[in-house]
Every structure is written in structure tokens, then in C-alpha cells.
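Trainee: Please take me through one part of this model in close-up: the helix packing, and how it relates to the rest of the chain.

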Amino acid sequence: MMLNLVPFVSVDKMMQLVLHLGIERVLIDLAAEIEADFRRWPLFDKTPRIASHSDVGVIELMPTSDGVTYGFKYVNGHPANMKQGLQTVTAFGLLADVATGYPVLLSEMTILTALRTAATSAMAAKHLAPKGATTMALIGNGAQAEFQALAFKAICGLTEVRLYDIDPAATAKCARNLAGSGLNVVQCATPEEAILGAQIITTVTADKTNATILTDNMLGAGVHINGVGGDCPGKTELHRDILLRSKIFVEYPAQTRVEGEIQQLDPDHPVTELWQVITGATQGRTSAAEVTLFDSVGFAIEDFAALRYILAKSKATGLYDNLDMIADPDDPRDLYGMILRAAG
Ligand SMILES: NC(=O)c1ccc[n+]([C@@H]2O[C@H](COP(=O)([O-])OP(=O)(O)OC[C@H]3O[C@@H](n4cnc5c(N)ncnc54)[C@H](O)[C@@H]3O)[C@@H](O)[C@H]2O)c1
């Protein structure tokens, strides 16, 4: 019997891959891959992710296809997990060959989600943030935070990051991890202090509530907000008044209207699709004074691009294992006979 083995990128292999390539290289490459797939947005199969909600969190499936390759991610969001020593977000994903339906990659995606979310944020900011932005407030200093800071450094030329979290231990952890990154890291005691002098504000907190991490009176003209943490019905970070005075950019409107900050607005409130800014079909920021908001929730095409990148890099480096996960008898109709033969 010939085994049909599926390349599997474990957590260990993913970490080795990131260390081998260098995290900033990975973030730059991922941003380029995601941007390339946003350019060919219309040809993808698109659907809002399929969410299963509970009182404490959500489990979601995120499928898409470009007609040649199919991909999906399994991801959860459980803000209370952290108190039990568990991750808020965990994920894994798969790519398959559309021609046969056979999987071509299974991969961990907890780390990859943090990488792709940060790469997407920085890619969006490259198009939307005010010219010459070098300082970012980073509110929420949990698992995603360092990835966000490093992506903005590598892709947008960030030089200073100003950290704030309701838990000072998270801020201290983040500052420790970013020491030696080349960023000037400032630990702040309040959100107001964090946004002082910042042209970019990233909110990446986790709480299953309509929180107001930022209120309208805190914001000056011309800032770019990268709103990452509000990504579920009933889970937002920004006061509605901020939304009303921002130019709002989204991934896939049908998903973001349910999950993003804009769930607080009328269902027909105007938003701009980021892919159209990238292709040049529509304008991004139109003046230095405009407040821009990337209402990020995370879309399947970002995971698809990230998985394809990991497939190429893991094959090129040998950093993967082979997984015996597809039953593939020599005679395709003799699936049962394969079990009998295994008995010896
Ligand atoms: N948009 C996307 O594509 C995307 C991708 C991944 C994660 N997320 C979301 O990002 C958020 C953060 O994820 P994580 O993995 O870093 O979670 P995490 O639990 O590791 O960290 C969240 C941090 O937010 C802090 N926090 C909570 N409320 C706060 C408040 N009011 N002010 C300041 N800080 C506060 C917590 O103390 C914690 O340190 C989650 O809500 C997650 O669902 C979005």
C-alpha cells in the first residue's frame, strides 16, 4: 500500500520556520502575499465565516477557494481562557487541491494567525495611515501584541510603540519581548498616555463585551485606527462616535457588518472595501486630517494566503512532518479490503 502523506506543520516546525526565516522577513512576505490575494479578490469564493457562539466564546470555520486551491481555518475566540492559563485564540488550517479534493497541507495556525493578522494590519496601514507615521499606541498587550508592533516596524517604518493594558503584567511582558527589537518601547499607565503623539492607534484587547477602549474626545485629527479586537457580535472596542467621524475600511462587508465595530452602525452605513483601495479602484485616505479606521475582523483570504506561503516555505526548508491522514487504497474501490489486509 502506498501512503498518501499530507505535509503537517506543527507548532514546533512553525516556530523553527519563523526563527529560520526571521520574524520581520515573514511579516513582510506575508503582507506581500496577502496584498497579492487582495488584488485578485473577485475571483475568490467568499462567505462570511461560520460561527458557533456560546456564552463564553466562539468557534469559527473560515473557508475560501481561488479555484485551484481550497483552504479553511478553524479558530476560536474565548476571552476568559487567559485566566485559566489558556490562549484566547487558537487555530489550525488546511489547504486542499480543488482538482481532487485531497489535502496538501495541515498546519498549526495559532502562531500563523498572529502573524497574518499583524501583516494584514500593517499592510492596511501602509495604504491608510498618515504619511510619515512613526509612533503607534498599542492598547491590549496580550498574545497578538508583539506581532502587531513588529509588523508595523517592518512594513510601515514604525520607530516607537506606546503600550497600555489594563493588566500591567501584560504591558511588562510585551515591553520585555520587544526590548532589542529596535523599537523605542514606552510603557504607559493610561490609554490617554499611550495615544500621546501617536499617529497610529492599534486596539487589540479581548473582552466579550461592547467595550469603549477609545472615546471620541481622546482622538485628534488625522490618526489611523487599527481596530483588531472587536471581531464578534457584542464584542467591540470603539465608541460609536468615533465610527461616525471616521472613514471606515473593511475586509468583507457581509462579515464585518455582523462582527466588526460597524455592528454599532446602521446596516447601510458607507464603508470602503480594502481590496478596492489596494487595486486603486477607490481612494484610501483623502486628507491629512481625516481619521481612518481599519475595522479588522480577519477574513479567510488572509489565512489562505498565509497557508500557501507556509506550504512553499516548509517544502523549501524541509520543516514539516508527513501525516498519514488520507486513506488511499491502491484500488480506490477497495477501502474495506485495505482494512482486511492491515489485519495481516
Ligand atoms: N481581527 C483579527 O483578525 C483578529 C485576529 C486575532 C485576534 N483578534 C482579537 O484580538 C483580541 C486580542 O487577542 P489576543 O490573542 O492578544 O488576546 P489576549 O487575551 O492574549 O490579550 C488581550 C489583552 O487585552 C487586555 N485587555 C482587556 N480589556 C482591556 C481594556 N479595556 N483595556 C486595555 N487592555 C485590555 C487583557 O488584559 C489582555 O492582556 C481578541 O479579542 C481576539 O479575538 C482579532
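Mentor: Happy to. Helix axes are lines fitted to C-alpha atoms over the stretch in contact, with angles from 0 to 180 degrees between N-to-C directions; helices (H or I, at least four residues) and strands (E, at least two) are DSSP runs numbered from the N terminus. This is a predicted model, in which local features need pLDDT of at least 70 and side-chain atom pairs count only at pLDDT 80 or more, while totals for chains, interfaces and linings use all residues. Residues are numbered from 1 along each chain as its sequence is written.

Let's start with α3 and α4 (residues 145-156), whose axes come within 8 Å and cross at roughly 40 degrees. The two helices are therefore oblique to each other (under 35 degrees is roughly parallel, over 145 roughly antiparallel, 65 to 115 roughly perpendicular, the rest oblique). Their crossing is right-handed, meaning that the near helix is turned clockwise from the far one by less than a right angle, with anticlockwise being left-handed. On the α3 side, the contact (C-beta atoms, placed from the backbone, within 7 Å) includes Ala114, Leu115, Ala118, Ala119 and Met123, and on the α4 side its members include Phe147, Leu150, Ala151, Phe152 and Ile155. By class, this contact of α3 with α4 has 13 nonpolar, two polar and one charged residues (Ala, Val, Leu, Ile, Met, Phe, Trp, Tyr, Cys and Pro are nonpolar; Asp, Glu, Lys and Arg charged; the others, Gly among them, polar).

Now follow α3 to its other partner, α2. These helices pack at about 70 degrees with axes 8 Å apart, which makes α2 roughly perpendicular to α3. Here too the crossing is right-handed. Val26, Leu27, Leu30, Ala31, Ile34 and Glu35 of α2 face Leu115, Arg116, Ala118, Ala119, Thr120, Ala122 and Met123 of α3. Ten of the contact residues are nonpolar, one is polar and two are charged. Leu115, Ala118, Ala119 and Met123 of α3 thus turn up in the contact with α4 and in the one with α2.

From α4 we can step on to α5 (residues 168-178): their axes come within 10 Å and cross at roughly 40 degrees, so α4 is oblique to α5. This is again a right-handed crossing. Ala145, Glu146 and Ala149 of α4 meet Cys174, Asn177 and Leu178 of α5, and the classes here are four nonpolar, one polar and one charged.

How does this fit the whole chain? An automatic or database domain assignment gives domain 1 (4-111 + 301-342) and domain 2 (115-299). Their C-alpha centres lie 26 Å apart, and 27 residues from domain 1 touch 28 from domain 2. On the domain 1 side, α2 (23-39) and α10 (300-317) each supply at least two residues, with the largest share, eleven residues, coming from α2. That side holds 17 nonpolar, three polar and seven charged residues.

Finally, the ligand is surrounded by 28 residues, the closest being Thr88, Gly142, Ala143, Gln144 and Gly298 (C-beta atoms, placed from the backbone, within 6 Å of it). α3 (110-128) and β11 (210-214) give two or more residues to this shell. Twelve shell residues are nonpolar, twelve polar and four charged, and each domain contributes at least three of them. So keep an eye on α3 as you turn the model: it packs with α2 and α4, and is part of the shell around the ligand.

Notes
Contact = placed C-beta atoms within 7 Å.
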